[in-house]
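Me: Please take a close look at one part of this model and describe how its pieces fit together. Which elements does that part contain, and how do they pair and pack?

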There are 2 protein chains.
Amino acid sequence: MLRTEEYGKVKRIKVSNNVIRRLPRYLRKLDELQESGINRVSSFELGQQLGLTPSQIRQDFSCFGEFGQQGYGYNVAALREQISVILGMDRGYRAILIGAGNIGHALMDNFSFQQCGVELAAAFDVKESLIGTLFHGVPILSMDSLEDYLKKNPVAIAVLAVPKEAALNVTKTLIENGIEAIWNFTNMELTEPNSPILVENVHFSDSLLSLSYFVSERMDENAARSAQE
Amino acid sequence: MLRTEEYGKVKRIKVSNNVIRRLPRYLRKLDELQESGINRVSSFELGQQLGLTPSQIRQDFSCFGEFGQQGYGYNVAALREQISVILGMDRGYRAILIGAGNIGHALMDNFSFQQCGVELAAAFDVKESLIGTLFHGVPILSMDSLEDYLKKNPVAIAVLAVPKEAALNVTKTLIENGIEAIWNFTNMELTEPNSPILVENVHFSDSLLSLSYFVSERMDENAARSAQE
């Protein structure tokens, strides 16, 4: 994203998905560095800590303009700030949670939407005993009032945490009422390829399978080592 | 991973993290293709569906040996099978869940460990009302019995879903009792760099921030378009 001089006008260049996926990782690492009181970091050091090559890192950042100064490394706070702007964290997106079951409650309990620059404004559920209550300051409203709520309140992101069976119906309602982005915890494929709605699927299995790979790698290495002894 | 002819002997080559992270995505896509009755896929088609270049895909697979046949594409079932073996899904790893709160219940409810080739053998919690119960066939045991359980049962992976405050103490117990891999849902950094334990962190924020990027990109494009009109 290159901001031109004219205020508010943003010129975007198409950036690869892989680069975008690395931005939150950079952000977390920079947060860690800041917490440890480190103010400056080279692409070499950053690369070492993230398992990337320095040239990869320089190339990633160059997609969004010039951040570092040759030979001086990056200013941690400034780089963090710029990445947060690229990610849209300064835009104050409003989100709603659909489904206040286990996953929904876990998110309200443990996950900081605010740290991502997102305001969780309301949650929706069908369970009578939940409706009308507050959870960590978030009102839980009736699913029946969802359409009406969306007509009155601009919402950028719907967090979908309903049971699988309800996923497609709720998605239909969301799309019909102008929601453009769904953060999908339901393990259901919500859209056809090339659908205009943005869907970010949370795939727990990807992360467990990566771990399974690393466990296997280690076991094979151990086995190879003891075979040699 | 290149299996030599001698049975059971596995020779591993060091593969980059990025390649490993893509393997579960390949697996999901191949599952989808199989479900749609597609038996053969080219690196071009696979790349198009995953937003990767064909040469990237060929390069990824070449890390693990020869899968495809020039000009014929990949056999979907065979490629799926080989990736599942690379990921260790055929090894029947045993996992235990530490913490049967919201996240823990959500995982037992909605997530198929079995589909990842992992057996969820038991869950542990401190809550008296849960201890001794079964949830989807998984016994919930007392946290006090964790050490004893680990001494008697080989466990490859601990799924950590305890409150933040308890995370470090539980991790200490796990490491002391020989657990080598933790699937970490606590949002706490569990280890120092270069720690011998394998930790896979589930970072919800990475996925929400990527979505925030895509929303921002779209809004900027829409704004640019209406400015031109």
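Reply: Two strands are called paired if DSSP finds at least two bridges between them. The model is predicted, with local features needing pLDDT of at least 70 and side-chain atom pairs counting only at pLDDT 80 or more, while totals for chains, interfaces and linings use all residues. Residues are numbered from 1 along each chain as its sequence is written, and chains are lettered from A and ligands numbered from 1 in the order in which they are written.

The part chosen is a sheet in chain B. Its seven strands (DSSP runs of E, at least two residues; helices are runs of H or I, at least four; both numbered from the N terminus) form an open sheet in the order β7-β8-β6-β5-β9-β10-β11, with mixed pairing. At its edges lie β7 (134-135) and β11 (198-201) of chain B, each of which pairs on one side only.

Consider β6(B) and its partners. Strand β5 (94-98) of chain B pairs with β6 (119-125) of chain B in the parallel sense, over five bridges. Within this pairing I96(B) stands opposite A122(B), and the bridge partner of I98(B) is F124(B). β6(B) also pairs with β8(B), again in the parallel sense, over three bridges; here A123(B) of β6(B) faces I140(B) in β8(B).

β5(B) and β6(B) are linked through α5(B) in a right-handed β-α-β unit (with the strands pointing away from the viewer, the path over the helix runs clockwise). Helix α5 (102-110) of chain B lies across β5, β6, β7, β8 (138-142) and β9 (157-160) of chain B, and runs at about 145° to β5(B) (axes are fitted to C-alpha atoms, with angles from 0 to 180 degrees between N-to-C directions). Helix α7 (164-176) of chain B also packs on the sheet, touching β5, β9 and β10 (181-184) of chain B, and its direction makes about 170° with that of β9(B).

Parts of this region also face the other chain. The contact takes 53 residues from chain B and 53 from chain A (C-beta atoms, placed from the backbone, within 7 Å). On the side of chain B that touches chain A, the elements giving two or more residues are α1 (17-35), α5, β10, β11 and α8 (204-228) of chain B. The largest share of that side, 17 residues, comes from α8(B). α5(B), β10(B) and β11(B) are thus among the elements on that side.

Key:
Two residues are in contact if their C-beta atoms, placed from the backbone, lie within 7 Å.
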